[in-house]
Amino acid sequence: MKCEKCGNELKAGYVYCSKCGNAVQLVPDYNLLDEDLLGDIIQNEAKDSSEDTVLNTELIEKLRRKKMLIGGAVAAALLVAVLTSFFLYQETEKRRAGSYDYQFGKAQEYLGEGDYNRAAACYRQALILRAQDPAAAKGLAGIYMEQEEDEEAKQTLEELVKAGQEDTESLQMLIELYDRNGEYDKISELCDAVNGREMPLLFGDYLVDLPEFGIAPGTYGQELAVSIMAGEDCDILYTTDGENPALHGKLYENEIRLEDEGTTVFFAVARNRMGICSEIARASYTIRFEKLDMPSVLPSGGTYYDAQQITVSVPEGCSAYYTWDGSDPTEHSAKYTGPLAMLPGNQVLSVVSVDESGAKSGVYRVNYVYMP
């Protein structure tokens, strides 16, 4: 091989031309740390071009080993730096991944990409890190609703309500779920749970006003005709035995007559076209007829041989009704308007007083034996 600069024949193992000192381009450039060794080689070559090649070989080997040590140290340092940076990055990412903000942000990122499964996983992790968080709960419930997993969506939002962390949007979502599944009773329960009557915009379509009774509850001394009224397009269900009218009620159609003494308690609900019932309205009515004075009859009972005229004294404001067959007279029996002729044989005259309200007195009975 010849030197590229002067054309001198190069000896095997030499890295510099022995004539001009030009570096042979078969080995990589050396750094400043090796200049002392390179200088020795040039000087040795200049003094004696016939010096034993073994010396040059030893110098080259010494240089190679030194460069290998330096290169190894640099490589080791670089490796340590790379590994340190890698582990620091991993630790930083691990800490970030363990934060609510990171999980919530990733959930929104995945949601924007349409990756619902990853988004849901991140929302769930966010809820672990910050329990009953409204934003994460609504995000997760929204994914469930989009995938028609209504039960999971309801459970997520119901837990939010139980924790008292609900807001208008989460309530709207929960009402929508109940509505599309026909669970109107749960809407009423939700309304009660969150004092929904203060939020008519949310619950207005699902709240039914209480039915109203046409007669004020109380005690009366006469028969009653009780009417019940409700809002437009609402049915009325009622009971008088204490049962829940929403479950066991009879459909109200016409006013209900109370004719006997005693107490009757009505329980009634209004039911709209969606089948949602109002709360239960209650009304108690007691009928207690005032005891009227019985009429008096003359002559008194006994045996008679001569014809007699029977007169009845009727209490003021009343009418008197009578029978001759021993039955109790009513307002539908014969009405007393003047003296009665005594009937032959063994007869019982029964007389009762009835006032304008329909209240009755006790029955006055007289036994006559008339033998003409």
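These legends go with three close-up views of a predicted model.

**View 1. Strand E17 pairs with E11 and also with E16.**
Here we're looking at E17, which covers residues 364-370. With E11 (residues 302-304), the pairing is parallel and takes in three bridges. One to look for is Tyr-304, whose bridge partner in E17 is Tyr-370. E16 (residues 345-355) runs antiparallel to E17, and seven bridges hook the two up. Along that pairing, you'll find Ser-350 opposite Arg-365 of E17. If you're following side chains, keep in mind that they alternate between the two faces of the sheet in a regular strand.

**View 2. Helices H3 and H4 pack against each other.**
H3 spans residues 100-112 and H4 spans residues 116-129. Their axes sit 8 Å apart and make an angle of about 160 degrees. Since angles over 145 degrees count as roughly antiparallel, that's the label H3 and H4 get. The crossing itself is left-handed. On the H3 side, the contact residues include Tyr-100, Phe-104, Ala-107 and Leu-111. H4 chips in with, among others, Tyr-116, Ala-119, Cys-122, Tyr-123 and Leu-129.

**View 3. Cys-234 has no disulfide partner.**
A disulfide is a covalent bond between the sulfur atoms of two cysteines. How many disulfides does the structure hold? Zero. For Cys-234, the closest cysteine sulfur belongs to Cys-277, and at 9.3 Å that's too far for a bond; the cut-off is 2.5 Å. Cys-234 is partly exposed, with 21% relative accessible area. Cys-6 is partly exposed too, at 34% relative accessibility.

Terms used: Residues numbered from 1 in each chain as written. Predicted model: local features only at pLDDT ≥ 70, side-chain atom pairs only at ≥ 80, totals over all residues. Heavy atoms only, no water. Pairing = 2+ DSSP bridges. Helix = DSSP H or I, 4+ residues; strand = E, 2+ residues; numbered from the N terminus. Buried < 20%, exposed > 50% of the residue type's maximum accessible area, 1.4 Å probe, protein only. Axes fitted to C-alpha atoms, helices over the stretch in contact; angles between N-to-C directions. Parallel < 35°, antiparallel > 145°, perpendicular 65-115°, else oblique. Left-handed = near helix turned anticlockwise from the far one by under 90°. Contact = heavy atoms within 4.5 Å.
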